[in-house]
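Subject: Structure handover

Hi,

Here is the structure I promised you. Please open it first, then read my notes beside it.

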Amino acid sequence: MFPVLSFDYQPATRIRFGAGALGGLADLLPAGARILLLYGGGSIKRNGVYEQLVGALAGHDWNEFGGVEPNPSVEVLSRALAQLRGTGRDFILAVGGGSVIDGAKYLAAAALHGGDGWELVCGRQPVVAALPVGAVLTLAATGSEGNGTSVISRLSSEDKLSFRSPLLQPRFAVLDPDTLSTLPDRQLANGVVDAFVHACEQYLTYPVGALVQDGSAEAVLRALYRLALRFDERRSLDWRQNMMWAANQALSGTLGLGVPHDWATHRIGRGLTALYNIDHGRTLSIVQPALLRETAERKAAKLGQMGERVFDAPGLAPGQVVERITALYRGLGMPVRLADEGVVGAGASDRLMSQLRRDGPLRLGEGGMLDDAAVERIVRACCDD
Ligand code: NZQ
Ligand code: ZN
């Protein structure tokens, strides 16, 4: 029997979308705020974004912290936290991709938490208050600009965990496709795959008769599939603006309302990043094909629906749909096994399994259908040479 749909949904992020939208940032910034401008390794200083920010911030009390790294760590963020507290900041403007925005969410919650911020990340303490965050997105992939999730690493313990709260949802997000112009191809391809897998995690489970959620997920997946096929047009505004909105919609929350979720590919992928520092999107293209081969029979109904409605190929067997997905990733130059990413040699799957089992035996996927042994089969299939 299918579950009855029920959910509580409050969209909280104001989205300013369009080419040139960054030019209107000034009127989104709250008057009188004491702003921390947070950014990454410096791409914004090479592509003209920083100059536009400085213009928008004129007349505000602001300072900046640069150097948030991809897969942001508590180690680096603790320095930003000290500056934020020391200078009495009360608003965080995050400018970058998912890493900077996630870092800002962590700071927003940690700033108002009495103890160690890692307690919030690992769920030992709930988020009960957070400073407001605004986002300027420069990389279309994660959807972090429009959701309440943050993914943070701790280098000292090789951990990478996600935590979420409605309090972490950015107050506004500027989505200006012009900011994507300087992204290297590698990041654009990572973004297509990350967004594609986000939609899959909320769609490729089992049917519950949720017509709107299915149709929305299929629209996002079809858009991303077409953008992948038209990857040679990636420098056009048409491609960039569709990509930016597709990635936002893939993880803004609406696709997953009231339906079963999977998220096993993400959970296993986070382990790969924690151990081998592999880009998030690339961990997903490594793990998901093996995961779908393991689960193809149980996901058969949705895989068939995806074949027909996303790939326009009715009548494909579940395994054939999995091969279409794998070919899509290969076509983008993405790795589909750990060895493709240059990690070779014995022991990778053992190492990953012990990282994943830190909190005890595993139960992943929709309804916990992947037991520890099934996860191990998936990990061996994608990690062993
Ligand atoms: O640091 P800078 O110099 O800015 O360079 C970045 C970084 O090196 C560069 N970049 C960003 N915008 C650019 C640019 N380079 C040139 N031109 C631009 N316009 O791209 C590199 C990667 O940036 P990063 O923010 O790390 O990438 P992404 O947006 O893919 O974020 C990945 C992080 O988000 C987490 C991932 O786990 C990972 O830590 N995720 C967050 C989610 C969420 N909050 O909802 C969900 C996702 O599933 C994901 O887990
Ligand atoms: Zn992701």
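Start with H266. An N or O atom in the side chain of H266 is 3.0 Å from an oxygen atom of ligand 1. Keep in mind that this is a predicted model. The protein covers 89% of the 960 Å² of accessible area that ligand 1 has on its own.

Two threonines also reach the ligand. T182 uses its side chain: a polar atom there lies 2.8 Å from a nitrogen atom of ligand 1. T179 uses its backbone: an N or O atom lies 2.9 Å from a nitrogen atom of ligand 1.

Now look at the whole shell. How many residues surround ligand 1? The count is 31, and the closest are G41, S43, G98, S99 and K160. Sorted by class, the shell has 20 polar, eight nonpolar and three charged residues. Helix α4 (98–110), strand β6 (149–154) and helix α6 (185–203) each supply at least two residues of this shell.

Next, the domains. The assignment for the protein chain gives domain 1 (14–179) and domain 2 (185–383). Which of them does the ligand shell draw on? It takes at least three residues from each of domain 1 and domain 2. The C-alpha centres of the two domains lie 26 Å apart. Across the boundary, 25 residues of domain 1 are in contact with 25 residues of domain 2.

Then three single residues to click on.

First, S73. You will find S73 in the loop between β3 (61–66) and α3 (74–86). Is S73 buried or exposed? S73 has a relative accessible area of 0%, so it counts as buried. The cut-off for buried is under 20%. Leaving aside residues up to four places away in sequence, S73 touches I152, S153 and L155. V151 is 78 residues from S73 in sequence, yet their C-alpha atoms are 9.2 Å apart in space. The side chain of S73 also reaches the backbone nitrogen of V76, at 3.2 Å.

Second, R282. This residue sits in helix α10 (residues 280–295). Why does R282 count as buried? Because its relative accessibility is 10%, and buried means under 20%. R282 touches R186, N190, G333, M334, P335 and E341, again not counting residues up to four places away in sequence.

Third, L5. Look for L5 in the segment before β1 (14–17). L5 has a relative accessible area of 33%, so it is partly exposed. Its contacts, not counting residues up to four places away in sequence, are V208, A210, Q213, G258 and V259. Try one distance as well: L5 and L161 are 156 residues apart in sequence and 28 Å apart in space, C-alpha to C-alpha.

Last, a helix. In α11 (residues 300–309), which residues are buried? They are K302, L303, Q305, M306 and G307. What covers these buried residues includes α6, α7 (211–229) and α12 (318–331). You have met α6 already: it supplies at least two residues of the shell around ligand 1.

To retrace the route, begin at H266 and ligand 1, then go on to the two domains. Finish with S73 in its loop, R282 in α10, L5 before β1 and the buried residues of α11.

Best wishes

Definitions and conventions: Residues numbered from 1 in each chain as written. Chains lettered and ligands numbered in written order. Predicted model: local features only at pLDDT ≥ 70, side-chain atom pairs only at ≥ 80, totals over all residues. Heavy atoms only, no water. Helix = DSSP H or I, 4+ residues; strand = E, 2+ residues; numbered from the N terminus. Buried < 20%, exposed > 50% of the residue type's maximum accessible area, 1.4 Å probe, protein only. Contact = heavy atoms within 4.5 Å. Near = heavy atom within 4 Å. Polar contact = N/O pair within 3.5 Å; in protein donor to acceptor, adjacent residues only side chain to side chain. Areas by Shrake-Rupley, 256 points an atom, 1.4 Å probe, with all protein chains shown as cover. Nonpolar A, V, L, I, M, F, W, Y, C, P; charged D, E, K, R; others polar. Domains from an automatic or database assignment.
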